[in-house]
Amino acid sequence: MSTATMSPSVVPSRPAPRPVVIDLDSRGPWPTLRARKADNTTVWLHAYQPHDEADQWLTASLRETDPPVIVVIGLGLGYVLEALERRGSRATVLAFEPFPDGLPHFHARRDWSAWTDSGRLHIVAGADGDGAAAWAAIDPEVMPPVLVNPSLARAFSSVVASCRMALTRARFGSRLDLQTVEVKQSMLHPAVLTAIEHFAAGATGPIIEVGAYVGGATIAMARGVRDVGRTTPIITIERGGAYLEHPQLPSADICADLEHNLKVRGLDTFVHLHRGLSTDAAVLDLVRDTVAAHGPIGLLCLDADGLVQRDFDLYLPWCAAGCVLVVDDYAATGLHEKALSTQQGVQRLIDAGKAFSLGVHGYGTWMGLYHP
Ligand SMILES: C[S@@+](CC[C@H](N)C(=O)[O-])C[C@H]1O[C@@H](n2cnc3c(N)ncnc32)[C@H](O)[C@@H]1O
């Protein structure tokens, strides 16, 4: 056939190469999964001694707790389920497996029928898998911890972020839907809260928040830190007062509501609340001492009065290269004073070559990476 008669739509094309190829590696004492990336680097999804790794992972993430439901991102060959068995846990597991090519190896490694037949294991395949049916079947009363396979967290952060977003979507319409005000306790969009939880989980230095209100973003940060099993300090700065006119989230005592919201979720011990302004000498001393002890800031979240430049001037000198910046009120409907000053502060930073923009998300929250 001459090419002249061939319509472009029928030209046979090779399938696009898969960005990650998964196969089984049985050379060590225990089988593991191997992920080969498009750049030809290889990542093993379990450690050489995967049972020890899974035990340590659960000890760090769950501590002494025994939650009835657990979300796992990165099921791999299922060593984490055996670690739960060894702990005597009866938890139901909702597993997001971003690499479905590993699932046949998971099923072949041992008999999981005690898990699957009793409805204690639900698997969502693919980084953007639809977990709504599984979530609805479990219907947890309180938000379960989200445990991320350590190798996945290190090597595939964006894949983990996709799974977190899939989890947020799976919750839509349920009693833990992050779109409902009672659950999110925040003025921020659910996708932004999910991103904040993800960034907090990955933060290697202290987390500083200015403007917590009743704790929506603070809850997300504290969950991220708790579930990854780190002790990353979180300092949240809130001037307090009352906001009775707020249409969805009125508060007669902002700091009291913030403390209450953290306490009922068991997250209060992860957060140091400074009741006052971001300019207070006491909190500047606290942040300076925290940075001296734990290293530079890894996540800076500004959602206060729009005077972003003031808080950039105060806190950016303590931020690490690559620190995640989350700045709300970048965009707003209508001409909004806060948005103008926020855009100016952010733009100045970008123009100076000191920030890489990750874009504007949700209801108008800018995110970026700091490059001093
Ligand atoms: C938009 S709300 C924060 C919303 C919150 N991030 C959330 O997830 O819903 C702004 C908060 O910043 C606080 N605030 C304003 N200026 C401040 C400042 N200079 N220092 C500390 N807190 C401030 C206000 O009291 C208010 O609670």
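Which residues does Leu 267 touch, not counting residues up to four places away in sequence? Select Leu 267 in this predicted model and display its surroundings: the residues touched are Ile 219, Ala 222, Arg 223, Arg 226 and Leu 262.

**First stop: Leu 267**

Leu 267 belongs to the loop that runs between helix 11 (254-264) and strand 10. With a relative accessibility of 1%, this leucine counts as buried. Add Val 225 to the selection and draw the distance between the two C-alpha atoms: 9.8 Å separates them, although Leu 267 and Val 225 are 42 residues apart along the chain.

**Second stop: Ser 278**

Move next to Ser 278, placed in the loop between strand 10 (271-275) and helix 12 (281-294). Is Ser 278 buried or exposed? Its relative accessible area is 5%, and because buried means under 20%, Ser 278 is buried. Show side chains here, and a polar contact of 2.7 Å appears between those of Ser 278 and Asp 311. Leaving out residues up to four places away in sequence, Ser 278 touches Val 210, Ile 237, Val 283, Leu 284, Arg 310, Asp 311, Leu 314 and Tyr 315.

**Third stop: the ligand**

Centre the view on the ligand, which is surrounded by 20 residues. The closest of them are Ser 186, Met 187, Gly 211, Glu 238 and Asp 303. By character, the shell divides into nine nonpolar, six polar and five charged residues.

Three distances to ligand oxygen atoms merit display:

- Glu 238: a polar side-chain atom lies 2.6 Å from an oxygen atom of the ligand.
- Met 187: a backbone N or O atom is 2.8 Å from a ligand oxygen atom.
- Ala 217: a polar backbone atom lies 3.3 Å from an oxygen atom of the ligand.

Switch to a surface representation for the next value: the ligand taken alone exposes 610 Å², of which the protein buries 94%. Then colour helix 10 (216-228) and strand 9 (234-238), the elements that give two or more residues to the shell.

**Last stop: the nonpolar cores**

Select Leu 45, Leu 81, Leu 94, Phe 96 and Phe 156; within the largest nonpolar core, of 50 residues, these touch the most other members. Helix 7 (residues 157-170) gives the most to this core, contributing six residues. Nonpolar side chains tend to be buried together in soluble globular proteins.

Zoom in on Leu 94. Apart from neighbours within four places in sequence, Leu 94 is in contact with Ile 70, Val 71, Val 72, His 122, Val 124, Ala 134, Trp 135, Ile 138 and Leu 167. To finish, turn to another core, which lies apart from the largest one and has 29 residues, including Ala 195, Ala 200, Val 271 and Val 326.

Terms used. Residues numbered from 1 in each chain as written. Predicted model: local features only at pLDDT ≥ 70, side-chain atom pairs only at ≥ 80, totals over all residues. Heavy atoms only, no water. Near = heavy atom within 4 Å. Polar contact = N/O pair within 3.5 Å; in protein donor to acceptor, adjacent residues only side chain to side chain. Areas by Shrake-Rupley, 256 points an atom, 1.4 Å probe, with all protein chains shown as cover. Helix = DSSP H or I, 4+ residues; strand = E, 2+ residues; numbered from the N terminus. Nonpolar A, V, L, I, M, F, W, Y, C, P; charged D, E, K, R; others polar. Core = buried A, V, L, I, M, F, W, Y, C linked by side-chain atoms within 4.5 Å. Buried < 20%, exposed > 50% of the residue type's maximum accessible area, 1.4 Å probe, protein only. Contact = heavy atoms within 4.5 Å.
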